[in-house]
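Please walk me through this structure at an unhurried pace, beginning with its helices and then turning to individual residues and the places they occupy.

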Amino acid sequence: MVTGVIIELQRNSPNWSKLVEDIVRIEKKIFPKHESLARSFDEELKKKNSELLYIQMGGDVAGYVMYSWPSSLCACITKLAVKENYRGLGHGEILLKAAVQKCRTRNVHRISLHVDPTRIAAMQLYKKLGFQVDTLVEGYYSSDRNAYRMYLDFEME
């Protein structure tokens with residue numbers, strides 16, 4: 001059960017440096033070096049039309065989701081990560097739902113993401129929230145690691 005607070009990371013936040021440091025630490029621990037944004041996290045967050053939401057449990061960052069909307073028609077979930085000791089408690093789902101909702105308020109028509117097919121829990125979460133597999137992208141992560149491109153379309157009124 002999630003009891004943390006979802007917060008949008010704000011550049012003018014007084015604790016910006018500490019938060020980014022915590023997020024980078026999670027990033028380094030979860031993602032292989034060549035997939036990690038740890039070195040360029042600050043730059044990624046400076047990009048226009050890019051946001052990061054995180055869950056805070058006490059003073060601890062439990063997880064985060066980073067997403068962007070390069071056009072008014074589509075958005076992309078670039079990262080979703082939950083610290084190991086906070087997994088299985090619904091944090092990933094609540095972060096993903098919050099990001100999807102933010103995208104909906106921008107009238108985005110489609111959200112896409114890439115996921116390693118071996119990350120079963122992630123695949124189940126995305127499917128649970130309505131994402132569908134579009135195609136297998138061979139060599140997406142590295143020469144021997146593929147990804148599914150998944151998408152979620154919104155009904156437009």
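Helices here are DSSP runs of type H or I with at least four residues, strands are runs of type E with at least two, and both are numbered from the N terminus. With that in hand, Leu96 can be placed in helix 3, and it will serve as a point of return in what follows. The model is a predicted one, and everything said below should be read with that in mind.

Helix 1 covers residues 16–30. Its 15 residues carry the chain 21 Å from the first C-alpha to the last, which is close to the 21 Å expected at 1.5 Å a residue. Many positions along helix 1 are buried, and the list reads Trp16, Leu19, Val20, Asp22, Ile23, Val24, Ile26, Glu27 and Ile30. An α-helix has 3.6 residues a turn, so residues three or four places apart point the same way. With this spacing in mind, the reader may follow Trp16, Leu19, Val20 and Ile23, which are among the buried residues of helix 1. Lys28 also belongs to helix 1, but Lys28 counts as exposed because its relative accessibility is 57%, and the cut-off for exposure is over 50%. Between the C-alpha atoms of Lys28 and Gly4, which are 24 residues apart along the chain, the separation is 22 Å.

Helix 3, at residues 91–105, also has 15 residues and reaches 21 Å from its first C-alpha to its last, again close to the 21 Å expected at 1.5 Å a residue. His91, Gly92, Glu93, Leu95, Leu96, Ala98, Ala99, Val100 and Cys103 are its buried residues. After helix 3 comes Asn107, with a positive phi near 60°.

How do the axes of helix 3 and helix 4 cross? Helix 4 takes in residues 120–128, and its axis comes within 11 Å of that of helix 3, the two crossing at roughly 45°. This angle makes helix 3 oblique to helix 4, and the crossing is right-handed. The residues that form this contact divide into 3 nonpolar, 1 polar and 2 charged. On the side of helix 3 they are Gly92, Glu93 and Leu96, and these meet Leu125, Tyr126 and Lys128 in helix 4.

Two leucines from this contact can be looked at in turn. Leu96 is buried, because its relative accessible area is 0%. Setting aside residues up to four places away in sequence, Leu96 touches Ile77, Leu80, Leu125, Tyr126, Leu129 and Phe131. The C-alpha atoms of Leu96 and Tyr126 are separated by 8.5 Å, although the two residues lie 30 residues apart along the chain. Across the contact, Leu125 lies in helix 4 and counts as buried because its relative accessibility is 15%. With the same allowance for residues up to four places away, Leu125 touches Leu80, Gly92, Glu93 and Leu96. Leu80 is therefore named among the contacts of Leu96 and also among those of Leu125, where contact means heavy atoms within 4.5 Å. Leu125 and Val65, by comparison, are 60 residues apart along the chain, with 14 Å between their C-alpha atoms.

From the helices the path leads to strand 2, at residues 50–57. Glu51 is found in strand 2, and it is buried because its relative accessible area is 13%. Leaving aside neighbours within four places in sequence, Glu51 is in contact with Glu8, Val65, Met66, Tyr67, Trp69, Lys102 and Arg106. Glu51 and Ser68 are 17 residues apart in sequence, and from C-alpha to C-alpha they are 6.3 Å apart in space.

Finally, there are two asparagines in loops to consider. Asn49 sits in the loop between helix 2 (41–46) and strand 2, and it has a positive phi of about 60° although it is not a glycine. Asn107, in the loop between helix 3 and strand 5 (110–115), likewise has a positive phi of about 60° without being a glycine. Is each of them exposed or partly exposed? Asn49 is partly exposed, because its relative accessible area is 28%, whereas Asn107 is exposed, with a relative accessible area of 53%.

Key:
Residues numbered from 1 in each chain as written. Predicted model: local features only at pLDDT ≥ 70, side-chain atom pairs only at ≥ 80, totals over all residues. Heavy atoms only, no water. Axes fitted to C-alpha atoms, helices over the stretch in contact; angles between N-to-C directions. Parallel < 35°, antiparallel > 145°, perpendicular 65-115°, else oblique. Left-handed = near helix turned anticlockwise from the far one by under 90°. Nonpolar A, V, L, I, M, F, W, Y, C, P; charged D, E, K, R; others polar. Expected span 1.5 Å × (residues − 1). Buried < 20%, exposed > 50% of the residue type's maximum accessible area, 1.4 Å probe, protein only.
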